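Please find below some notes on the model, set out point by point. They are meant to be read with the coordinates open.

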Amino acid sequence: MTVKEALRGQIEIPVSDLAVDKALIDQSVDGNAIYTKDDEKSVDLSLARLLLSVILHPSSVTEGGYSLSIGQRDDFLNFRKLLLKKWGAPDTADLGNNDKIGTASPW
């Protein structure tokens with residue numbers, strides 16, 4: 001199995017080959033290399049990158065029989081955070097609960 005196939009095997013949602021290739025390239029990983037246990041960290045961190053691109057897509061899109069809901073978005077976000085924590089990698093994407101709109105008192 002190649003590194004790319006190992007990455008695809010960890011995510012059960014349809015994503016384009018381009019998105020998978022980009023996640024691997026951004027992580028400086030050769031997707032055509034034969035997967036070994038030594039590749040676990042780089043594949044996990046590539047998956048975290050791929051999940052980020054999935055999370056940032058609109059949540060109301062339905063394509064090819066697949067629909068991404070807000071609940072799944074949160075699940076993907078939590079899984080991404082677990083992967084980053086597993087390897088001690090920083091979470092540079094600020095995707096927390098900052099989506100709430102409120103009012104500030106001018107006083």
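The points go from the overall fold to the core, one helix, two loop residues and a pocket.

1. Basis and overall fold. The model is predicted, and local features are taken up where pLDDT is at least 70. The protein chain has 4 helices and 2 strands. Read from the N terminus, the order of elements is α-α-α-β-β-α. Of the 107 residues in the protein chain, 32% are buried. Among contacts with a separation of 6 or more, 59% join residues 24 or more positions apart.

2. Nonpolar core. The largest nonpolar core holds 21 residues, and Leu-7 and Leu-50 have the most contacts inside it. Two or more residues each come from α1 (3–9), α2 (17–26), α3 and α4. The greatest contribution is that of α3, with 8 residues. In soluble globular proteins, nonpolar side chains tend to be buried together.

3. Leu-7. Which residues does Leu-7 touch, not counting those up to four places away in sequence? They are Val-20, Leu-24, Val-43, Ser-46, Leu-47 and Leu-50. Leu-50 on this list shares with Leu-7 the place of having the most contacts inside the largest nonpolar core.

4. Two sides of α2. Val-20, Ala-23 and Leu-24 are the buried residues in α2. Viewed down the helix axis, the buried residues of α2 fall within an arc of 95 degrees, so they line one face of the helix. These buried residues pack against α1 and α3. Two of them, Val-20 and Leu-24, are touched by Leu-7. The face of α2 turned away from the buried side carries Leu-18, Lys-22 and Ile-25, which are exposed.

5. Ser-28, after α2. Ser-28 comes just after α2 and is found in the loop between α2 and α3. Its phi is positive, about 60 degrees, although Ser-28 is not a glycine. Is Ser-28 buried or exposed? The relative accessible area of Ser-28 is 68%, and the cut-off for exposed is over 50%, so Ser-28 counts as exposed.

6. Ile-13, a loop residue. Ile-13 is found in the loop between α1 and α2. Its relative accessibility is 10%, and buried means under 20%, so Ile-13 counts as buried. Leaving aside neighbours within four places in sequence, Ile-13 is in contact with Val-54, Tyr-66 and Phe-76. Ile-13 and Val-54 are 41 residues apart along the chain, with their C-alpha atoms separated by 9.3 Å.

7. Second largest pocket. The volume of the second largest pocket is about 180 Å³. Two elements give two or more residues to its lining, namely α3 (40–55) and α4 (70–86). The largest share, 4 residues, comes from α3. The same helix, α3, gives the most to the largest nonpolar core.

8. Composition of the pocket lining. The residues that line the second largest pocket are Gln-27, Leu-45, Ala-48, Arg-49, Leu-52, Arg-80, Leu-84, Ala-89, Pro-90 and Thr-92. By class, this lining has 6 nonpolar, 2 polar and 2 charged residues.

Conventions: Residues are numbered from 1 along each chain as its sequence is written. This is a predicted model: local features need pLDDT of at least 70, side-chain atom pairs count only at pLDDT 80 or more; totals for chains, interfaces and linings use all residues. Side-chain values use heavy atoms; hydrogens and water are left out. On a 1 Å grid over the protein atoms alone, a cavity is a set of points where a 1.4 Å probe fits but cannot get out, and a pocket is an open set with protein on both sides within 12 Å along at least five of seven lines; lining residues have an atom within 4 Å of a point. Grid points are joined across faces, edges and corners, and a volume is the space filled by probe spheres set on the points. Ala, Val, Leu, Ile, Met, Phe, Trp, Tyr, Cys and Pro count as nonpolar, Asp, Glu, Lys and Arg as charged, and the others, Gly among them, as polar. A nonpolar core is a set of buried Ala, Val, Leu, Ile, Met, Phe, Trp, Tyr and Cys residues joined through side-chain atoms within 4.5 Å. Buried means under 20% relative accessible area, exposed over 50%, partly exposed in between (1.4 Å probe, protein chains only). Contact means heavy atoms within 4.5 Å. The arc is that of the directions from the helix axis to the C-beta atoms.
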